[in-house]
Amino acid sequence: MNIIIKYFFIILIFTKPSFSLDLKGDFQQGGLIIGKTNPIFEVFVQGEKVKINKEGFFIFGIPRDQIKDIVIKIQNKSDINQIVKKVKKRKFKIQRINGLPKRKVSPNEEDMKRIREEGKLIVKAKNVNSDLSYFFKGFIRPANGITTGVFGSQRILNGKPRRPHFGIDIAAAKGTKVINSNTGKVILAEKNLFFTGGTIIVEHGHGLISIYSHLEKILVKKGDIINKGKWIATVGSTGRSTGPHLDFRLYCRNIPVDPDLVIK
Ligand SMILES: [Zn+2]
């Protein structure tokens with residue numbers, strides 16, 4: 001009997017997978033968190049199940065206006081581990097931009113049609129959530145130049161309040177090289193969208209995408225797998241833009257995150 005009980009406990013010890021959790025990133029508004037746990041577990045962030053790859057990596061973004069704590073649940077059957085993280089609040093700037101063409105700030109009826117069609121392409125790209133898994137390899141700055149716009153700033157365009165700015169703007173001369181910030185698959189490559197002009201969207205897996213806007217030349221096409229650091233485009237001033245610059249954004253399953261917190 002004794003032996004049976006001992007045997008039973010040994011089985012219990014060996015069948016219960018070990019729980020470990022490593023979280024990298026900033027728990028602040030606009031942060032991107034890369035987690036790693038035992039791949040046998042299921043991961044829920046704010047009640048939503050997130051993808052986990054075979055090495056145990058998963059990602060999620062923290063919204064710009066997040067105030068409540070972030071709840072992460074790591075679960076394997078009855079083994080439930082819950083972690084609660086405080087989110088650091090930030091103060092965002094107000095940015096006024098004047099001198100934009102009137103049509104780009106208050107589009108006419110015909111423009112609105114075009115904007116709606118193009119919007120569908122962007123929404124589709126933002127909702128991609130593939131099993132690719134390049135996201136944990138780290139991001140690099142996609143162009144050399146001066147930062148003239150930051151994440152989260154409230155925008156007032158030609159005196160009219162508009163949505164916050166979710167990109168970083170890097171001002172550089174027309175023709176400056178734009179390189180791929182992290183390995184991924186090109187899911188959109190368009191020469192001339194109404195707002196963003198020449199635009200490339202790259203997916204890095206699990207719904208993390210990077211968007212490059214106002215491009216002059218585009219050197220990649222939809223479907224290409226592009227390595228980190230590869231030359232993909234040149235800086236331009238296409239779309240709604242007042243001068244040559246690169247607008248670079250990161251979205252994690254439709255949540256914009258701050259590139260300045262992610263780029264190393
Ligand atoms: Zn911008």
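1. Helix α3 gives the largest share of the lining of the largest pocket, namely six residues. The model is a predicted one, and in it this pocket holds about 1100 Å³ of space. Besides α3 (109–126), the elements that contribute two or more residues to the lining are β8 (94–97), β10 (154–157), β12, β16 (208–218) and β19. A reader new to the structure may find it convenient to start from these elements, since two of them return in the next points.

2. The lining of the largest pocket comprises 38 residues, and those that lie nearest its centre are Arg163, Phe195, Thr196, Arg240 and Arg249. Sorted by class, the lining residues of this pocket are 17 nonpolar, twelve polar and nine charged.

3. Which residues of the protein hold the zinc ion? Its protein donors are His165, through NE2, and the two aspartates Asp169 and Asp247, each through OD, at distances of 1.9 to 2.1 Å from the ion. Read along the chain, these donors follow the spacing H-x3-D-x77-D. Asp169 belongs to strand β12 (residues 168–171) and Asp247 to strand β19 (residues 245–252), so this pair ties together parts of the chain that are 78 residues apart in sequence. The strands β12 and β19 are also among the elements that give two or more residues to the lining of the largest pocket.

4. Are the two aspartate donors buried or exposed? Asp169 has a relative accessibility of 5% and counts as buried, and Asp247, with a relative accessible area of 4%, is buried as well. Both values fall in the buried class because that class takes in residues under 20% relative accessible area.

5. Turning to the strands, β1, β2 and β5 form an open sheet of three strands in the order β1-β2-β5, with antiparallel pairing. The edges are taken by β1 (21–24) and β5 (57–61), each of which has a single partner strand, so one side of each is left without a neighbour in the sheet. On average, and with direction ignored, neighbouring strands of this sheet are turned by 20° against each other. The pairing of β1 with strand β2 (residues 32–37) is antiparallel and runs over four bridges, and within it Leu23 stands opposite Gly35 in β2.

6. A further set of pairings centres on strand β3 (residues 42–45), which is joined to β6 by four bridges, the two strands running antiparallel. Val43 has Ile74 in β6 as its bridge partner. Strand β3 is also joined to β4, again in the antiparallel sense, by three bridges, and here the bridge partner of Phe44 is Lys49 in β4.

7. The hairpin of β3 and β4 has two residues between its strands, and in this hairpin Gln46 takes a positive phi near 50°. The sign deserves a second look on the part of the reader, as Gln46 is a residue other than glycine. Gln46 lies in the loop between β3 and β4 and, at 39% relative accessibility, counts as partly exposed.

8. Gln46 appears once more in the second largest pocket, where Val45, Gln46, Glu48, Gly61 and Ile255 are the residues nearest the centre among the 13 that line it. This pocket contains about 300 Å³ of space. Two elements, β4 (48–50) and β5, give two or more residues to its lining, with β4 providing the largest share, three residues. By class, the lining of the second largest pocket consists of seven nonpolar, three polar and three charged residues.

9. Where is Lys77 found? Lys77 sits in the loop between β6 (70–76) and β7 (79–85), and, like Gln46, this residue has a positive phi, here of about 50°, although it is not a glycine. Lys77 is exposed, with a relative accessible area of 73%. From Lys77 to Gly119 the separation is 42 residues in sequence and 41 Å in space, taken from C-alpha to C-alpha.

How values were computed
Residues numbered from 1 in each chain as written. Predicted model: local features only at pLDDT ≥ 70, side-chain atom pairs only at ≥ 80, totals over all residues. Heavy atoms only, no water. Donors = N, O, S within 2.8 Å, 3.2 Å for Na, K, Ca; no water. Buried < 20%, exposed > 50% of the residue type's maximum accessible area, 1.4 Å probe, protein only. Pairing = 2+ DSSP bridges. Axes fitted to C-alpha atoms, helices over the stretch in contact; angles between N-to-C directions. 1 Å grid on protein atoms, 1.4 Å probe; cavity = no way out; pocket = protein on both sides within 12 Å on 5 of 7 lines; lining within 4 Å. Points joined across faces, edges and corners; volume = space filled by probe spheres on them. Nonpolar A, V, L, I, M, F, W, Y, C, P; charged D, E, K, R; others polar.
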